[in-house]
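Notebook open, structure loaded. I'm jotting down what I look up as I go.

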Amino acid sequence: MDTEFAKRRRRDLIVAFCLAAVAATVPMFVKDVYVQNIMVLTLMYAALSQSWNILSGYCGQISLGHALYFGLGAYTTALLFTKFGVLPWFGMLGGGLISAVIAMALGYPCFRLRGHYFVIATIVIAEIALLLFQNWEWAGAALGIDIPVRGDSWLKFQFTRSKLPYFYFALALACVAWFVTWWLEDSKWGYWWRAVKDNPEAAESLGVVVFNSKMGAAAVSAFLVAVGGGFYAQFVSYIDPESVMGFQFSLLMALPAVVGGIGTLWGPMLGAVILIPLTELTRSFIGGSGRGVDLIVYGGLIVAISLARPQGLIGLFAPKRKEAAR
């Protein structure tokens, strides 16, 4: 079994490298700006969902408040750049570190809750943060922050003529999130997280420090999500509390993993590739009526996928793996 597991991990790494190489060549053939925008968002949400999956999928701590960390990353990057002239690269790193610390600070009381009580706590905390930022005058309050565009520059991470630099950064971020998950999956932390998810009491009896395991998962997950938030702030050049801390962001991080396969390596990526283009296309082509037809179609497809494959779309490949294991 160890040999089979090692082979599968090597195969996953090779497949990931090939897919990343293919993705990097796609902009050479796709020149439409609208399609490029969808590709950037797809890669960004793939990275965000992969990051969310570390805490909620592998560790089993379902969070519906990750928009808090996304918003913190966006606001840290935007405020440091507009108020103090700090380059966005340092802003994204700073936002990630701040979010990791806050995730552990919030985890100290919240990880003593279980099940739906923990889920409710994450929603409430994120909504409180949203209200605070809506009334924080120094951070723009409800009006938000308009990030000044000062020409195309990798140093300031701003581009007006092309979306390709954003595409390649989003691709790099998705690859980093995937690789971190791949590496952690076979580490001590990965085994601890899966043990905590399956049976916390049994894990603790075997020497797993359950509380510290949850804190570590929260810190890694929050850091990566905050980097994504900083990227989004530079991508759109304008943020306000609702646009980066709204509850919809927490859902959009969770849905790809849930649809693709929660607690799996490839599930978030697969879910994002399907759901995000579907979201954008339904909004563009049938969302202009004002009757919510796009939301009905989008929701209906999610329900159909969930009913057909409750374990996620990654389950389509499970039978082959079982036969191979036999």
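**Helix H12 and the rest**

I started with helix H12, residues 267-286: its 20 residues reach 28 Å from first C-alpha to last, close to the 28 Å expected at 1.5 Å a residue. Worth noting that this is a predicted model. I then pulled the buried residues of H12, among them Gly267, Pro268, Met269, Leu275, Ile276, Pro277 and Glu280.

Next I checked the overall make-up. The protein chain has 14 helices and two strands. I get a radius of gyration of 20 Å, which agrees with the value near 20 Å for a compact globule of 326 residues. Along the principal axes, the C-alpha atoms fill a box of roughly 60 × 45 × 40 Å. Of the 326 residues, 49% count as buried. I also looked at contacts with a separation of 6 or more: 77% of them join residues 24 or more positions apart. About 15,800 Å² is exposed, with carbon and sulfur atoms supplying 69% of that.

Then the core. The largest nonpolar one has 92 residues, and Met44, Phe70, Tyr75, Phe231, Ile239 and Val244 have the most contacts inside it. Helix H2 (residues 33-58) gives the most to this core, 13 residues. I picked Val244 and skipped its neighbours within four places in sequence; its contacts include Ala67, Phe70, Tyr75, Tyr232, Ile239 and Phe249.

Last, I went to the UniProt record, an unreviewed entry, which lists residues 166-184 and 215-239 among its "transmembrane region" spans. In the model, residues 166-184 are 100% helix, with end C-alpha atoms 27 Å apart. Residues 215-239 come out at 88% helix and 8% strand, and their end C-alpha atoms are 29 Å apart.

Methods:
Residues are numbered from 1 along each chain as its sequence is written. This is a predicted model: local features need pLDDT of at least 70, side-chain atom pairs count only at pLDDT 80 or more; totals for chains, interfaces and linings use all residues. Side-chain values use heavy atoms; hydrogens and water are left out. A nonpolar core is a set of buried Ala, Val, Leu, Ile, Met, Phe, Trp, Tyr and Cys residues joined through side-chain atoms within 4.5 Å. Buried means under 20% relative accessible area, exposed over 50%, partly exposed in between (1.4 Å probe, protein chains only). Helices (H or I, at least four residues) and strands (E, at least two) are DSSP runs, numbered from the N terminus. Contact means heavy atoms within 4.5 Å. The expected span of a helix is 1.5 Å times one less than its number of residues. UniProt positions are given in the numbering used here, feature names are shortened, and annotations may be inferred rather than shown by experiment. The radius of gyration is taken over C-alpha atoms; the globule rule is 2.2 Å times the number of residues to the power 0.38. Accessible areas come from the Shrake-Rupley method with a 1.4 Å probe; for residues, only the protein chains shown count as cover.
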